Amino acid sequence: MRIVLFGPPGAGKGTQSKLLRERYQATIIATGDMLREEVHQETPLGREVRRYMEQGMLVPDELVIGMVERRLRRLKNGRFVLDGFPRTVAQAEALGRLLARLHLPLQAVISLEVPAEEIIWRLSQRRICDACGETFHLTFRPPPEDGRCPVCGKGPIIQRPDDRPEAIARRLAVYEAQTEPVKAYYATNGLLHRVSGLGEVEEVHRRIVKLLEGRPALATM
Ligand code: ADP
Ligand code: ADP
Ligand code: ZN
């Protein structure tokens with residue numbers, strides 16, 4: 001499987017990509033997680049992108065494209081789920097050229113459709129593990145009270161600086177202006193499939209699986 005999981009911030013892309021990884025042995029390429037790791041490690045790239053991220057702005061295309069290219073070149077079994085990339089039409093075009101060179105053409109773009117009120121609610125309730133990035137939700141998936149992450153045993157569990165109200169508003173505006181057009185781009189070339197991201201996590205997962213397995217080549221290639 002070679003797919004893009006597309007959707008606004010907080011749609012559930014990260015949550016769903018982990019379930020797809022388990023089911024199909026695919027590698028997750030999540031640019032937000034990769035960039036947060038660079039910031040955490042204080043690498044030169046991390047120092048360059050930190051401001052953009054904290055303010056809820058997009059990181060410049062060439063930096064993200066280079067990072068994705070390096071990751072795709074190391075791919076083992078040719079199966080990937082892209083989460084959070086592409087976020088601009090320029091990134092989508094660069095991805096198309098890169099995948100053509102690597103002989104790994106994209107098979108589908110799954111757009112998780114979630115209305116704005118729900119997005120704002122999910123983002124404001126999101127918490128993450130500062131050590132491993134595991135995602136929690138104050139209501140649906142409450143973080144442990146002792147602050148120790150159940151996945152990595154570390155922590156602490158924090159709120160992302162860009163999940164605070166001012167940054168959320170900025171990110172939604174950025175999404176509308178720069179990322180929403182990517183959907184039209186993929187609709188034109190017939191790769192786009194819309195799936196409702198509302199309802200329980202497992203329910204959304206089943207919708208995605210149904211879509212993929214209705215097209216056997218997607219799940220097995
Ligand atoms: P969310 O999960 O809320 O959609 P991400 O974790 O994917 O957010 O991204 C967090 C931040 O990282 C973005 O607001 C942006 O600053 C940066 N980022 C991630 N992916 C990209 C990308 N493809 N292009 C530009 N910036 C990106
Ligand atoms: P994205 O990667 O698209 O930004 P996440 O997977 O991080 O989204 O999910 C955003 C927040 O919403 C997290 O707190 C997560 O636990 C929660 N969440 C994910 N899927 C659902 C769902 N189906 N219903 C309710 N909350 C969800
Ligand atoms: Zn953790």
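**Ligand 1 and the zinc site**

The residues of the shell around ligand 1 comprise eight that are nonpolar, five that are polar and seven that are charged, in what is a predicted model. The shell holds 20 residues altogether, and the closest of them are Thr31, Met57, Gln91, Arg126 and Arg171. Helix H2, which spans residues 31–40, supplies the largest share of this shell, namely four residues.

Several polar contacts can be followed from the protein to the ligand, and they involve both backbone and side-chain atoms. At Met57, a backbone N or O atom lies 2.6 Å from an oxygen atom of ligand 1, while a polar backbone atom of Gly84 is 2.9 Å from a nitrogen atom of ligand 1. From a side chain, a polar atom of Arg160 lies 3.3 Å from an oxygen atom of ligand 1. Ligand 1 would expose 560 Å² if taken alone, and the protein buries 96% of that area.

A second site to consider is that of the zinc ion (ligand 3), which is coordinated by the SG atoms of Cys129, Cys132, Cys149 and Cys152 at 2.3 to 2.4 Å. Along the chain, these donors follow the spacing C-x2-C-x16-C-x2-C. The arrangement around the zinc ion (ligand 3) is tetrahedral because its four donor atoms subtend angles of 106 to 113 degrees, and all angles need only lie between 85 and 135 degrees for four donors to count as such. For comparison, the ideal angle for four tetrahedral donors at a metal is 109.5 degrees.

Two of the zinc-binding cysteines can also be described by their accessibility. Cys129 counts as buried because its relative accessibility is 1%, whereas Cys132, with a relative accessible area of 39%, is partly exposed.

Terms used:
Residues are numbered from 1 along each chain as its sequence is written. Chains are lettered from A and ligands numbered from 1 in the order in which they are written. This is a predicted model: local features need pLDDT of at least 70, side-chain atom pairs count only at pLDDT 80 or more; totals for chains, interfaces and linings use all residues. Side-chain values use heavy atoms; hydrogens and water are left out. A residue is near a molecule or strand if one of its heavy atoms lies within 4 Å of it. A polar contact is a pair of N or O atoms within 3.5 Å; within protein, one must be able to donate a hydrogen and the other to accept it, and residues adjacent in sequence count only if both atoms are side-chain atoms. Accessible areas come from the Shrake-Rupley method with a 1.4 Å probe; for residues, only the protein chains shown count as cover. Helices (H or I, at least four residues) and strands (E, at least two) are DSSP runs, numbered from the N terminus. Ala, Val, Leu, Ile, Met, Phe, Trp, Tyr, Cys and Pro count as nonpolar, Asp, Glu, Lys and Arg as charged, and the others, Gly among them, as polar. Donors are N, O and S atoms within 2.8 Å of the metal (3.2 Å for Na, K and Ca); water is not among the atoms, so sites may look incomplete. Four donors count as tetrahedral if all angles lie between 85 and 135 degrees; four count as square planar and six as octahedral if opposite donors are over 155 degrees apart and all others between 65 and 115; anything else is irregular. Buried means under 20% relative accessible area, exposed over 50%, partly exposed in between (1.4 Å probe, protein chains only).
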